[in-house]
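Trainee: I would like to learn how the labels for this structure are decided. Could we go through some together?

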Amino acid sequence: MTAEPSRDSPLPHAAASPVMAQYHEIKAAHPGCLLFFRMGDFFELFFEDAQAAASALDIALTKRGRHDGADIPMCGVPVHTADSYLARLIRAGFKVAICEQIEDPAEARRRGGKAVVKRAVVRVVTAGTLTEDGLLDARRNNYLAGIAEVGGELGLAWLDLSTGAFSLAPSAEASLAADLARIMPGEILLPERLLARSSLNELFGDWKGALTPLANPRFDSEAARRRLEGFYGVKALDGFGHFGRAEIAAAGALVDYVALTQQAGGHGRAPHLAPPVRVAPEAVMQIDAATRRNLELATTLSGERRGSLIATIDRTLTGPGARLLAEQLAAPLTAPDAIGARLDAVQFFLDRADQRAALRQRLRRCPDIERALTRLSLGRGGPRDLAALRDGLGQTALIRGILLAPGLVPLPALLARAEAGLGDHGALVDRLQRALAAELPLVARDGGFIATHYAPELDQLRELRDESRRTIAALQARYAEATGVASLRIRHNNVIGYYIEVSAANVERLGGTLGPAFIHRQTMAGALRYTTVELGELASKIASAADRALALELRLFDDLTGEIIAGRPEIAAAATALATLDVAASHAECAAESGWTRPEVAPGTTLEITGGRHPTVEAALAGSASFIANDCVLGEDRIWLVTGPNMAGKSTFLRQNALILILAQIGSFVPARRARIGIVDRLYSRVGAADDLARGRSTFMVEMVETAAILNQAGPNSFVILDEIGRGTATYDGLSIAWAALEHLHDVNRCRALFATHYHELTALAAKLPALACHTMRVKEWQGDVVFLHEVAPGTADRSYGIHVARLAGLPKAVTGRAEEVLAILEKGDESGALARLADDLPLFRASRRAAPEPAPRASPLEDLLREVQPDELSPREALELLYRLKAMREE
Ligand code: ADP
Ligand code: MG
């Protein structure tokens with residue numbers, strides 16, 4: 001970083017005031033950041049920073065002094081509420097350098113009148129390096145990711161500074177988008193060289209707000225290796241796993257950046273990072289960004305969490321549990337053993353409702369110890385973080401008791417491991433319980449968080465302080481009595497300390513003086529302030545006792561923090577164990593509530609789902625209508641062609657099977673009567689003509705790009721759902737593309753697939769493609785109306801019923817009537833002649849002609865009967881019989 005003046009400072013430093021000179025120097029060392037410049041109880045921003053922040057935060061832009069003949073724009077935020085402003089700035093895409101006063105202003109004053117308080121940037125806050133609860137979503141990880149390229153290979157690394165989790169994986173241009181969609185980083189570091197690559201243009205366009213390009217040399221793999229070895233204090237990284245050079249380069253850049261932003265200039269503590277873990281690409285189901293969006297896994301298409309799959313299944317009670325669940329949902333497993341182990345844990349809690357309830361009762365009282373631990377490690381923690389550890393770790397022993405209740409069968413492996421991970425924190429919990437006061441301040445700075453009886457020395461100092469305060473109260477009473485001024489008060493402020501205040505009127509009444517013992521300090525409007533030798537002595541006693549008490553409290557805080565940091569691995573293990581238990585119990589809770597069953601995961605490419613339901617659609621219907629369960633059995637027939645009218649439930653059916661697969665492979669129970677699933681390694685979901693105006697591409701182009709990805713990548717273990725592909729273009733175009741794509745899936749990709757279409761012409765392919773089976777959504781037609789049964793049955797739809805749906809939607813009768821005419825001619829295949837004649841026949845005139853005589857619909861027998869009935873002439877018995885008859889007719 002250079003030391004040249006930033007653009008903000010047109011004047012050379014010499015011309016500025018000393019504080020401004022200091023400001024310019026620090027500002028210049030942090031290009032690209034807003035500078036939060038600490039001045040007393042505020043963080044101030046100046047010049048362009050002030051203008052940018054004031055408009056982003058919608059706060060007042062003021063000015064402070066003049067610079068080069070112009071006012072200096074300024075705005076400020078109070079230190080104690082800075083977090084919420086920071087959050088908004090980070091969300092708006094800014095980076096913020098926090099510049100603190102790193103010495104007591106009193107010290108600066110001692111150096112002389114002109115001396116400026118020493119300041120330094122203690123931290124740079126960026127979207128990927130947040131640790132504060134106020135800035136983070138408790139239920140999601142916030143990753144800082146890095147991409148590097150070495151020898152033509154791409155590598156990825158990602159870490160969550162708030163928890164210390166650190167992962168590495170190889171990547172490739174083709175899979176980078178899917179990898180990033182899985183990780184969902186808040187910030188991505190990448191070399192400028194990659195940013196300039198045209199083949200990645202589009203991808204980086206999607207992540208524009210999160211990119212932090214850095215100079216290419218920061219991604220040097222050898223330097224990175226040395227940096228990582230140094231960071232972990234190891235001779236070689238091999239102990240952690242075998243990493244590619246690109247992965248190491250990415251990881252090195254991350255560690256570098258973390259040091260730069262968190263310990264800026266050595267003013268912060270080194271963050272804790274868990275040893276890096278390698279994520280093998282084949283260990284997780286590959287799901288690309290479009291599929292995730294489309295299946296509404298983490299958010300709905302409109303971007304909300306409500307209504308997404310995660311919102312439907314998440315019953316976790318703790319932040320770490322919620323984050324683990326989100327993590328697992330983003331990366332379904334592919335190893336049957338690992339999936340089976342998770343399912344065993346869920347089964348355990350499903351079978352033991354009492355244990356589950358007891359566990360969840362305990363989890364409810366567990367604060368987020370993972371993030372509290374990190375803040376304490378970074379020197380950013382407060383008394384409430386200590387309390388979080390006291391409360392969270394305090395539950396571990398009780399939870400162990402629940403897991404090991406006498407008479408229970410041995411725990412399944414995953415839970416046994418969690419039980420061991422809970423550890424033994426009795427001594428620490430006991431110490432924190434004794435140490436912490438009942439009411440805790442947010443920051444340690446001002447003291448007042450250590451309980452009485454914990455440190456006798458502290459108790460003594462506090463007693464001294466409080467005793468002196470009582471003496472002052474007595475002194476006030478004595479002075480009031482002696483002078484006869486009942487309103488005489490002894491007060492305190494930060495500028496002159498303790499003083500005696502008497503209103504001007506009273507002083508005059510006493511003849512302008514209170515006697516020689518009262519030494520005049522200040523004259524205010526309407527009041528005079530005095531002190532006495534006695535008061536001065538008492539004041540200094542109080543001050544020194546308070547100072548010593550505060551210093552002692554801060555030392556005790558550091559001791560406690562030190563003890564916690566020393567036990568960090570055990571505490572982190574406990575946090576992981578609690579999260580694991582939370583997730584397993586959450587799945588069990590969900591399964592119990594919604595009647596879900598345990599899926600069988602099997603090798604091979606079977607897929608047998610009987611009585612499957614769509615988890616979120618079913619949840620949304622709950623109460624109003626019941627969801628119709630459907631089977632999906634892919635065996636010999638690998639591909640199902642699903643036809644049926646609009647609104648019949650095709651899309652729902654396709655998606656529910658994909659969601660059931662995902663749920664099974666994350667180790668959750670599934671909404672089906674029975675599910676046997678051969679592991680899926682890649683999942684694709686595409687919808688025809690999904691609007692994607694936000695990205696500025698034609699919808700049909702998007703559809704084709706996405707279809708291309710599937711046809712190029714899907715393999716025999718993939719599962720593909722294609723929903724009305726080809727819908728975005730003219731009929732014959734679309735039909736031909738759908739036709740060819742289906743053949744390709746069948747012959748080349750040879751994957752399992754569900755293909756929904758409104759082109760019933762495609763059903764002809766069933767004769768030619770042996771692994772293709774036709775299914776249709778059943779509908780019932782009754783008196784010209786269509787009733788959707790939402791049932792999937794073998795067979796083909798004979799028509800699209802588009803006009804029926806149009807009628808349901810309220811298109812004018814003239815239009816639907818005309819459409820029926822056109823359709824009749826088209827279906828006869830006589831297009832040239834009849835269509836031309838139709839076109840001659842101006843629809844406008846016809847419309848006015850036809851609108852009037854709408855033929856009355858033929859009355860049903862039910863209606864005929866009702867019309868004949870004379871209620872007054874029926875006996876009660878006849879009335880009852882009639883009722884039965886009506887009901888029977890309705891049933892027919
Ligand atoms: P399509 O794709 O055939 O046009 P959708 O799958 O979008 O139809 O379904 C339309 C609506 O029908 C859904 O929003 C849902 O309310 C309802 N629906 C679909 N499937 C079912 C089902 N199996 N049981 C009950 N209602 C369903
Ligand atoms: Mg649909």
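Mentor: Gladly. A charge sits over a ring if NZ of Lys or CZ of Arg is within 6 Å of the ring centre and within 35 degrees of the ring normal. This is a predicted model, where local features need pLDDT of at least 70, side-chain atom pairs count only at pLDDT 80 or more, and totals for chains, interfaces and linings use all residues. Residues are numbered from 1 along each chain as its sequence is written, and side-chain values use heavy atoms, with hydrogens and water left out.

Trainee: What makes Arg-38 a charge over the face of Phe-43?

Mentor: Arg-38 is placed 5.8 Å from the ring centre of Phe-43, over its face. The distance limit is 6 Å, so a value of 5.8 Å passes.

Trainee: Why is the pair of Tyr-232 and Phe-240 called edge-to-face?

Mentor: Rings of Phe, Tyr and Trp (its six-membered ring) pair if their centres lie within 6.5 Å; planes under 30 degrees apart are stacked, over 60 edge-to-face, and the rest tilted. The centres of Tyr-232 and Phe-240 are 5.2 Å apart and their planes stand at 70°, so the pair is edge-to-face.

Trainee: Which of the words buried, partly exposed or exposed suits Tyr-232, and which suits Phe-240?

Mentor: Buried means under 20% relative accessible area, exposed over 50%, and partly exposed in between (1.4 Å probe, protein chains only). Tyr-232 has 17%, so it counts as buried. Phe-240 has 26% and is therefore partly exposed.

Trainee: How do you know that Glu-501 and Arg-529 form a salt bridge?

Mentor: A salt bridge needs a side-chain nitrogen of Lys or Arg within 4 Å of a carboxyl oxygen of Asp or Glu. In Glu-501 and Arg-529 the closest N and O atoms are 2.8 Å apart, so the rule is met. Glu-501 belongs to strand β15 (residues 497–503) and Arg-529 to strand β17 (residues 527–531), so the bridge ties together parts 28 residues apart in sequence. (Strands are DSSP runs of E, at least two residues, and helices runs of H or I, at least four, numbered from the N terminus.)

Trainee: Why are Glu-501 and Arg-529 called buried?

Mentor: Glu-501 has a relative accessible area of 15% and Arg-529 one of 11%, so both fall under the 20% limit. Arg-529 also has its charged end over the ring of Tyr-499, 4.3 Å from the centre.

Trainee: And what makes Asp-466 and Arg-469 a salt bridge?

Mentor: Their side chains meet at 3.8 Å, N to O, so the pair is within the 4 Å limit. Both residues lie in helix α19 (residues 456–483), three residues apart, about one turn of the helix.

How values were computed
Chains lettered and ligands numbered in written order.
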